[in-house]
Amino acid sequence: MFLLLTGLFLISCESDFLQRDPITDITKDNFFNNPQDLETYTNGFYKYISAPYTDVFSDNISIYTGAHNIDNMVRGSLTPANVDGWDWKELRSINYMIENSGKATGDQSLIKHYKGVARFFRANFYFNMVKKYGDVPWYSNTIGSSDDAMLYKAKDPRTLVMDSVMSDLEYASAHVLPAKTNNTMITKWAALTLLARVALYEGSFRKYHDELGLQSTSGKFLNRAITASQDIISNGGFSIYNTGKGAEDFRALFASNMLDGNKEVIFLQKNNKDQGISNNTHTVLGWQWALNGSLADEFLMKDGSAFTSIADYDKKGFTEVFANRDPRMAETIMPPGFATIPGGAPYLVQPAFGGYLQIKFYPRDPSLRGGWELNYTDLPIFRYAEVVLINAEAKAELGTLTQGDLDNTVNFLRRRVKMPDLSMVAANTTPDNYLAQQYPNVSGSNKGVILEIRRERRVELACENKRLDDLFRWKSGALLGQSSKGFYVPGLGAVDVTGDGKPDIAILEAPGKEDPLNGLPANIRANLTKYYISDGIFYLSDGTSGHIMFVKDKVLPRTFINPKYYYLPIPANQLILNPKLKQPPGW
């Protein structure tokens with residue numbers, strides 16, 4: 001059956017990313033006696049949560065060369081026989097600690113603190129399971145190998161599981177200490193952040209997924225998202241990092257090794273070269289994916305107007321699309337002239353990925369970049385920017401948002417990068433037509449500002465593993481069924497992608513068909529990096545011109561089946577082991 005349901009738990013002695021090494025051979029007879037034991041045990045949980053730095057697989061990604069359940073699903077190749085997942089082993093270790101924590105003696109506030117940390121991790125585990133499968137079995141205790149009733153139980157309804165998740169987070173936010181050590185550990189504010197995130201997700205999921213019949217219950221979750229986020233805003237002492245340097249301040253959150261004192265970072269993965277604690281963030285640039293043209297299109301102009309309202313916006317070349325845009329765009333998508341080494345040669349786009357390469361999270365300082373799993377930038381797990389966006393969105397969905405609320409949330413993010421404030425009246429008076437087409441199920445008097453908050457979430461939180469969850473909770477999975485795109489190519493031939501006025505690459509039909517390069521000086525032609533449509537990786541949407549599109553989307557076209565694809569299937573072997581389990585709707 002499940003790995004979590006076998007034998008007594010033995011914690012691995014391998015280091016997690018924070019180098020917290022739990023002891024081995026733990027049993028309830030020789031452990032869980034005091035707060036120090038509980039601390040040692042909970043240190044082993046930190047490997048269950050990671051710092052995100054990609055949006056694989058969502059509509060923020062143009063093409064991804066690795067394997068992924070969602071990619072396989074929208075291309076029609078995912079089945080219960082080949083899906084991965086349904087892994088429960090971490091839950092058993094968490095439940096084992098929770099049920100044995102009661103025997104500990106000593107400082108009761110510390111005992112409750114560590115129990116709260118464990119319940120935080122249990123809530124996070126179940127939140128992730130519900131996002132994948134909807135209904136799942138709820139286990140609040142470890143299960144013995146002879147307890148057939150629990151081993152082979154049916155799934156519990158989503159309502160019960162999510163109420164239990166919220167109960168865990170309420171306990172954690174009430175009992176985890178505000179600053180037990182530092183922001184590399186779970187604090188009250190981290191617990192409240194997860195609570196706010198979960199409440200927003202569930203509230204908006206229930207509101208927009210009318211097939212569940214739970215719309216009348218969405219309000220209690222949205223209201224809790226507001227109160228939890230407001231507690232952090234009012235009492236947490238956090239702020240949007242803004243020293244007046246604009247885009248540089250935004251970049252510092254994702255390319256610095258000094259985030260432990262940053263007031264925007266609520267929970268952190270601290271990396272350190274001397275201690276051998278590192279990440280793999282250099283792979284964001286040109287390894288297995290790039291970013292989608294639809295993400296590039298949503299960044300506003302510097303004056304606050306929509307790029308998509310410009311005539312022929314979709315026919316602007318690579319260097320043109322970056323002109324006069326929200327500064328966060330060039331800190332997310334590699335702009336013309338970007339170099340991996342200061343003063344070095346510009347890094348060239350890769351048409352096979354669409355050309356919009358990710359640089360958010362790329363370590364800019366070469367001394368922090370050492371190769372595979374040898375990068376030493378700090379990585380935010382929870383940051384205050386998400387909290388203020390939760391607050392604004394939940395209020396907008398409930399119809400209680402005011403301009404003052406926007407000024408104290410979304411507009412702090414815009415002011416950091418010197419963008420104009422978002423006006424609630426202007427947004428609602430003339431909702432953006434491009435966004436309205438992306439989200440046709442948004443309606444009501446707050447439609448315009450809801451759409452703009454969704455834009456703000458997309459551009460501010462891009463590559464932070466939020467976008468797929470957002471699409472699912474908004475019932476906007478249809479966007480995953482659209483073919484992605486790269487930059488616009490006006491015609492076959494040479495293209496300037498570094499912004500120096502000289503062509504750097506050439507997009508041609510096939511080797512030997514170089515007529516489009518006739519007339520170029522010999523030295524320019526000799527230095528061009530050439531890409532060929534005949535290689536069968538990409539093509540141009542209008543034949544000899546247009547947006548870069550991907551052959552994979554033509555051979556294996558994307559589609560999104562509603563509501564089936566809002567859930568993953570349970571692996572077939574699990575249904576054989578436990579016939580009481582039933583697949584999510586449609587599977």
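User: Which residues of H3 are buried?
Analyst: In this predicted model, local features need pLDDT of at least 70 and side-chain atom pairs count only at pLDDT 80 or more, while totals for chains, interfaces and linings use all residues. Residues are numbered from 1 along each chain as its sequence is written, and side-chain values use heavy atoms, without hydrogens or water. Helix H3 covers residues 89-100 (a DSSP run of H or I, at least four residues; strands are E, at least two; both numbered from the N terminus). Its buried residues (under 20% relative accessible area; exposed is over 50%, partly exposed in between; 1.4 Å probe, protein chains only) are Leu91, Arg92, Ser93, Ile94, Asn95, Tyr96, Met97, Ile98 and Asn100.

User: Why is H3 described as largely enclosed, and what do its buried residues pack against?
Analyst: With 9 of its 12 residues buried, H3 is largely enclosed by the rest of the structure. Those buried residues pack (heavy atoms within 4.5 Å) against helix H1 (35-43) and helix H4 (108-133).

User: Is Met424 buried or exposed?
Analyst: Met424 sits in helix H15, residues 424-429. Leaving out residues up to four places away in sequence, Met424 touches Leu401, Thr402, Gln403, Leu406, Asn446 and Val449. Leu406 is 18 residues from Met424 along the chain, yet their C-alpha atoms are separated by 7.7 Å. The relative accessible area of Met424 is 15%, so this residue counts as buried.

User: Which side chain meets Lys485 in a salt bridge?
Analyst: Let's start with the surroundings: Lys485 lies in the loop between helix H18 (467-473) and strand E5 (488-489), and counts as buried because its relative accessibility is 17%. Beyond four places in sequence, the contacts of Lys485 include Ser62, Leu291, His547 and Phe550. The salt bridge (a Lys or Arg side-chain nitrogen within 4 Å of an Asp or Glu carboxyl oxygen) spans 3.0 Å, N to O, and the partner is Asp297.

User: How many salt bridges cross the interface of domain 2 and domain 3?
Analyst: An automatic or database assignment places domain 2 at 273-376 and domain 3 at 485-555. Domain 2 gives 23 residues to the contact and domain 3 gives 18. Across this interface, the number of salt bridges found is 1.

User: Which three residues supply 32% of the area that domain 2 buries against domain 3?
Analyst: The two domains bury about 1,600 Å² between them, 68% of it on carbon and sulfur atoms (accessible area, 1.4 Å probe, lost on being put together, summed over both). On the domain 2 side, the three residues that contribute more than any other three are Leu348, Pro351 and Ala352.

How values were computed:
Expected span 1.5 Å × (residues − 1).
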